[in-house]
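Could you walk me through this structure while I have it open in my viewer? Tell me what to select at each stop and what I'll find there.

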Amino acid sequence: MTAIDTAIRAAAADIELIGVSKAYDAKTVVIPLLNVALRPGEFTVVLGPSGCGKSTLLQMIAGLERVSGGKILIGGREVQDLEPKHRGCAMVFQNYALYPHMTVAENMAYSLKVAGVSKVERTERVATVATMLGLADYLSRKPGQLSGGQRQRVAIGRAIIREPGVLLFDEPLSNLDAQLRHDMRVELADLHHRIGATSVFVTHDQVEAMTLADRILILNKGRIEQFDTPKAIYHHPASVFVAKFIGAPPMNILAVVGDGSTLRLADGQVIANYAGKGNFQLGIRPEDIVVNSGGPIHAQICYREDLGSHEILEANIAGEQLRIATPFGAEIDTTSTLSLSFPRARLHLFDGETGRAMSHTFDETEVTPASVRVYQ
Ligand SMILES: Nc1ncnc2c1ncn2[C@@H]1O[C@H](COP(=O)(O)OP(=O)(O)O)[C@@H](O)[C@H]1O
Ligand SMILES: [Mg+2]
């Protein structure tokens with residue numbers, strides 16, 4: 001950490017939402033009831049599909065939307081009735097929201113000016129933040145004379161210059177092209193380490209969530225599906241919703257039936273030995289499926305996409321779509337039926353009705369081809 005970093009290092013605050021709800025009107029209940037605690041200095045990514053309430057949640061923390069019920073605590077202080085400027089939060093928006101007639105320096109200094117900070121101190125802090133963000137050579141430019149990435153950096157600079165204890169980001173990278181999004185992700189991660197503010201970052205992009213988050217909060221219709229580390233969410237998704245949201249391509253979900261001794265697909269193929277009875281949903285990630293000539297599970301190839309490093313095979317299994325990611329450099333004969341293995345340790349089992357994950361252990365003995373009965 002350099003002197004520049006410590007110069008704007010914030011006192012990170014914890015954030016607690018207790019029984020928070022939000023309804024825009026009687027018919028639009030966006031957040032039914034939310035309880036969550038974010039640790040000081042933690043980077044939380046709120047991930048979910050469009051319309052699930054991510055921006056609403058962020059705006060309630062910032063004070064741009066009122067809560068309909070419940071409490072919000074920042075650094076142990078109740079803030080739900082305070083003006084945004086008294087909450088110690090700064091927000092970065094998707095559309096940058098820079099003042100077009102002001103220079104980069106003026107944009108960054110604006111909130112300090114409003115807060116009555118002296119000109120000398122403003123100039124000093126602008127210089128510090130601009131150096132941190134690689135904007136020192138652009139201070140006299142107007143936003144219209146900057147690239148998208150530079151504009152986004154100015155927006156971030158404007159947020160961090162006030163040394164907020166909480167930084168809120170609403171899809172800040174969505175307007176950038178793929179390469180720049182990647183570069184800005186790396187910059188943001190680095191910046192977070194350096195300034196240490198508690199950060200809440202909203203996105204619908206699972207790659208941003210996986211790469212940036214200490215913990216990912218997955219939101220579905222205003223409810224928390226899962227709140228855990230990226231690794232835990234990838235390896236132990238709490239529901240089919242989460243399983244299908246993470247991973248590219250996402251986890252395969254297949255309908256299976258338990259007959260008390262085995263789990264079978266709709267066409268009768270045995271996937272594993274299992275003592276439960278009833279309808280379940282079985283999950284397996286494309287990268288966990290093994291393609292080999294001795295594999296007991298059979299699928300018909302429909303389509304293949306060559307990504308250079310590996311291929312994505314699209315296959316049909318028991319009338320459902322199955323995606324398989326082949327290992328690096330594998331040469332797979334896809335002219336005939338695919339023979340596959342689903343490693344037991346890589347299977348996920350979900351309730352057939354609710355889609356919630358079920359704890360399970362599968363018998364480690366592989367289902368050999370001889371034990372497979374195929375019902376046509
Ligand atoms: N000011 C508003 N008035 C009424 N409904 C709103 C308002 N803002 C958002 N909504 C509704 O609330 C839901 C969640 O919106 P939002 O929080 O913006 O979702 P997200 O950011 O996850 O895409 C949507 O159905 C949206 O139409
Ligand atoms: Mg939004």
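Start with the lining of the largest cavity in this predicted model: eight of its residues are nonpolar, one is polar and none is charged. To see that lining, select Leu17, Val36, Leu38, Thr44, Val46, Leu57, Ile61, Val200 and Leu217. Now colour strand 2 (28–38), strand 3 (43–47) and helix 2 (54–62), since these are the elements that each give two or more residues to the lining. The space inside is about 50 Å³.

How many cavities of 30 Å³ or more are there? The count is two, so hop over to the second largest one, which holds about 40 Å³ of space. Select Phe43, Leu167, Phe169, Leu188, Leu191, His192, Ile195 and Ser199 to light up its lining. Six of those residues are nonpolar, two are polar and none is charged. Which elements supply at least two residues each here? They are strand 7 (166–170) and helix 6 (178–195), with helix 6 giving the largest share, four residues.

Next, the cores. In soluble globular proteins, nonpolar side chains tend to be buried together. Here the largest nonpolar core has 45 residues. Pick out Met108, Leu133, Ile156, Ile160, Leu167 and Phe201, the ones with the most contacts inside that core. Then show helix 5 (residues 148–160), which gives the most to this core, with five residues.

Zoom in on Ile156 for a moment. Which residues does Ile156 touch, leaving out those up to four places away in sequence? Select Val92, Leu133, Phe169, Met184, Leu188 and Leu191, and you have them. There's also a second, separate core of 29 residues, and Leu34, Val46, Leu58 and Phe227 are among its members. You've already met Val46, in the lining of the largest cavity.

Now for helix 4 (residues 119–132). Try putting a distance between its end C-alpha atoms: they are 20 Å apart. Why does that figure make sense? At 1.5 Å a residue, the 14 residues of the helix should span 20 Å, so the two values agree. While you're there, select Arg122, Arg125, Val126, Thr128, Val129, Ala130 and Met132, which are buried. Following helix 4 you'll find Gly134, with a positive phi near 70 degrees.

From here, move on to the pockets. The largest pocket has about 640 Å³ of space and a lining of 22 residues. For a way in, select Cys89, Ala90, Met91, Ser111 and Arg162, the lining residues nearest its centre. Strand 6 (89–92), helix 3 (104–114) and helix 5 are the elements that give two or more residues to this lining. Colour the lining by class and you get 15 nonpolar, two polar and five charged residues.

Last stop: the second largest pocket, with about 270 Å³ of space. Its lining is Met102, Ala105, Glu106, Ala109, Tyr110, Lys113, Lys119, Arg122, Thr123, Val126, Ala127 and Leu139. Helix 3 and helix 4 each supply at least two of these residues. By class, seven are nonpolar, one is polar and four are charged. Look again at Arg122 and Val126 before you go: both line this pocket, and both are among the buried residues of helix 4.

How values were computed. Residues numbered from 1 in each chain as written. Chains lettered and ligands numbered in written order. Predicted model: local features only at pLDDT ≥ 70, side-chain atom pairs only at ≥ 80, totals over all residues. Heavy atoms only, no water. 1 Å grid on protein atoms, 1.4 Å probe; cavity = no way out; pocket = protein on both sides within 12 Å on 5 of 7 lines; lining within 4 Å. Points joined across faces, edges and corners; volume = space filled by probe spheres on them. Nonpolar A, V, L, I, M, F, W, Y, C, P; charged D, E, K, R; others polar. Core = buried A, V, L, I, M, F, W, Y, C linked by side-chain atoms within 4.5 Å. Buried < 20%, exposed > 50% of the residue type's maximum accessible area, 1.4 Å probe, protein only. Contact = heavy atoms within 4.5 Å. Expected span 1.5 Å × (residues − 1).
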